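Q: Please examine the structure shown below. The questions that follow ask on what grounds each description of it rests.

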Amino acid sequence: MSKVRIAVMGAGLIGRRHVMHITQSQYAEIAAVIDPSPVGAVVAQEFGAPCYASLAEMLAVDRPHGVLVATPNQLHKLNGLECIAAGLPALIEKPLCDKLEDAAELVEAAEAAGVPLLTGHHRRHNLLMQKAKEMIERGDIGRPLVANAMFWIKKPDDYFDVDWRREKGAGPVFLNLIHDVDNLRYLLGEVAAVTATESNAVRGNAVEETAVILLEFASGALATASVCDATVSPWSWEMTTGENPAYPKADGEHCYLIGGTDGSLALPQLDLRRNNGLQSWYEPFELSRPATPNEDPLARQITHFAKVIRGEEAPLVSGRDGLETLRVIEAVKTSAASGQRVRLA
């Protein structure tokens with residue numbers, strides 16, 4: 001079967017990685033890079049793809065089978081609606097949009113048109129995450145009760161030379177913690193209420209650099225999640241998993257801890273600790289760690305997108321799923337601004 005032709009809209013840090021994975025895929029090939037900036041032409045030349053300033057410009061001469069949208073958050077709604085209007089399946093980088101109402105409009109438009117819409121929460125494609133979900137659902141830790149998720153990292157000063165990264169709609173809650181919230185939803189179910197606080201004490205930008213969140217799940221489980229992009233630390237998904245070779249790997253460190261009535265699970269190592277026999281704080285732990293293949297989740301996401309385009313698979317992370325994760329993030333921002341606990345419908 002011939003490869004699916006995918007265009008990538010946006011040639012920034014993540015856009016370039018998507019282009020690279022498409023060119024290496026057995027199931028897809030790069031149709032074009034869509035970006036009006038000089039960076040677009042550079043990335044297109046690097047991977048031997050044509051470059052267009054807009055989707056409309058591309059459609060005037062060529063039509064891809066699908067579009068991967070990796071533009072700044074503030075453009076996701078506009079670019080997503082362009083794809084839907086053209087009847088093109090779209091995979092939109094997280095967050096689905098920078099505003100909840102825009103994301104809802106986008107999802108409704110896609111569902112009304114019957115156009116597949118996916119959200120780029122690529123960690124759900126990570127075999128570590130899928131194994132953790134399998135272990136929790138199998139009852140390896142009993143009933144999940146408590147969790148802690150950390151994203152602590154140091155973004156260099158030149159990262160903020162790009163204007164939109166200092167503006168509302170960016171910031172580590174939208175750009176980074178949203179992945180961790182989506183992972184917690186994937187593992188523990190729907191969030192019922194949120195309490196959050198934020199700080200921009202170091203850089204003073206319009207966006208936060210630190211946030212601490214309490215998540216209350218419909219199941220009764222509680223979780224804390226914290227994010228800081230101004231600290232030197234190994235405790236983040238990026239540093240602990242080795243998922244992205246651009247970051248140094250902190251071997252043996254964890255970024256998620258999940259506790260249940262019968263045991264606890266630490267990710268990404270998948271360390272499962274249980275008592276052998278009597279459950280008590282006096283009893284020694286029995287430690288096990290299942291092995292999982294090391295496959296790049298961004299590459300797996302491209303394979304999945306190609307199969308969705310072909311009609312062979314349903315979206316693992318649909319637009320509506322991305323909308324629900326964004327609803328939690330919106331509650332985080334609302335709580336941080338108001339100082340109040342926010343309940344989700």
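Q: What makes up the area that the protein chain exposes?
A: In this predicted model, the protein chain exposes about 15,100 Å², and carbon and sulfur atoms supply 53% of that area.

Q: How many of the residues in the protein chain are buried?
A: Of the 345 residues, 52% are buried. The cut-off for this term is a relative accessible area under 20%.

Q: Why is the protein chain called as compact as a globular protein of its length?
A: The secondary structure of the chain comes to 10 helices and 15 strands. Its radius of gyration is 20 Å, and the globule rule gives 20 Å for 345 residues; the two values are close, so the chain is as compact as a globular protein of that length. Along the principal axes, the C-alpha trace spans about 70 × 50 × 40 Å.

Q: What share of the contacts between residues at least 6 apart in sequence joins residues at least 24 apart?
A: The share is 66%. A contact requires heavy atoms within 4.5 Å.

Q: How far apart are the mean positions of the positive and negative charges?
A: The chain has 33 positive and 44 negative charges, and their mean positions are 2 Å apart.

Q: What makes β3 and β6 edge strands?
A: Six strands form an open sheet with parallel pairing, in the order β3-β2-β1-β4-β5-β6. Strands β3 (51–52) and β6 (117–120) each pair on one side only, and they are the edge strands.

Q: How do you know that β4 pairs with β1 and with β5?
A: Two strands count as paired if there are at least two bridges between them. Four bridges join β1 (residues 4–9) to β4 in the parallel sense, and three bridges join β4 to β5, also parallel. Both numbers satisfy the cut-off of at least two, so both pairings stand. Within them, Met 9 stands opposite Val 69 in β4, and Val 67 has Ala 90 in β5 as its bridge partner.

Q: Which residues of β4 point one way and which the other, and are they buried or exposed?
A: Gly 66 and Leu 68 point one way from strand β4 (residues 66–69), whereas Val 67 and Val 69 point the other way. All of these residues are buried.

Q: What joins β5 to the edge strand β6?
A: Four bridges join β5 (residues 90–93) to β6, and the two strands run parallel. Ala 90 has Leu 117 in β6 as its bridge partner.

Q: Why is His 122 classed as it is, buried or exposed?
A: The relative accessibility of His 122 is 9%, which is under the 20% cut-off, so the residue counts as buried. His 122 lies in the loop between β6 and α6 (127–138). Leaving aside residues up to four places away in sequence, His 122 touches His 179, Glu 243, Pro 297, Leu 298 and Gln 301.

Q: Why is Gly 311 classed as it is, buried or exposed?
A: Gly 311 has 62% relative accessibility, which is over the 50% cut-off, so Gly 311 counts as exposed. The residue is placed in the loop between α9 (297–310) and α10 (319–338). Its C-alpha atom is separated by 9.5 Å from that of Pro 116, although the two residues are 195 residues apart along the chain.

Q: What makes the second sheet to be discussed an open sheet of mixed pairing, and which strands are its edges?
A: Nine strands form this open sheet, in the order β14-β13-β12-β11-β7-β10-β9-β8-β15, and the pairing is mixed. The edge strands are β14 (285–288) and β15 (342–343), each of which pairs on one side only. One of the pairings is antiparallel: seven bridges join β9 (residues 210–217) to β10 (residues 222–228). Thr 210 has Cys 228 in β10 as its bridge partner.

Q: What is the backbone geometry at Pro 268 and Leu 270?
A: Leu 267 and Pro 268 are joined by a cis peptide bond, with omega about 15°. Pro 268 is in the loop between β12 (264–267) and β13 (271–275). Leu 270 is also placed in the loop between β12 and β13. Phi of Leu 270 is near 60°, a positive value in a residue other than glycine. At 0% relative accessibility, under the 20% cut-off, Leu 270 counts as buried.

Q: Which residues does the cis peptide bond with omega about -15° join?
A: This cis peptide bond joins Lys 94 and Pro 95. Pro 95 belongs to the loop between β5 and α5 (100–113).

Conventions:
Residues are numbered from 1 along each chain as its sequence is written. This is a predicted model: local features need pLDDT of at least 70, side-chain atom pairs count only at pLDDT 80 or more; totals for chains, interfaces and linings use all residues. Side-chain values use heavy atoms; hydrogens and water are left out. The radius of gyration is taken over C-alpha atoms; the globule rule is 2.2 Å times the number of residues to the power 0.38. Buried means under 20% relative accessible area, exposed over 50%, partly exposed in between (1.4 Å probe, protein chains only). Accessible areas come from the Shrake-Rupley method with a 1.4 Å probe; for residues, only the protein chains shown count as cover. Lys and Arg count as positive and Asp and Glu as negative; His and the chain ends are not counted. The place of a charge is taken as NZ of Lys, CZ of Arg, CG of Asp or CD of Glu.
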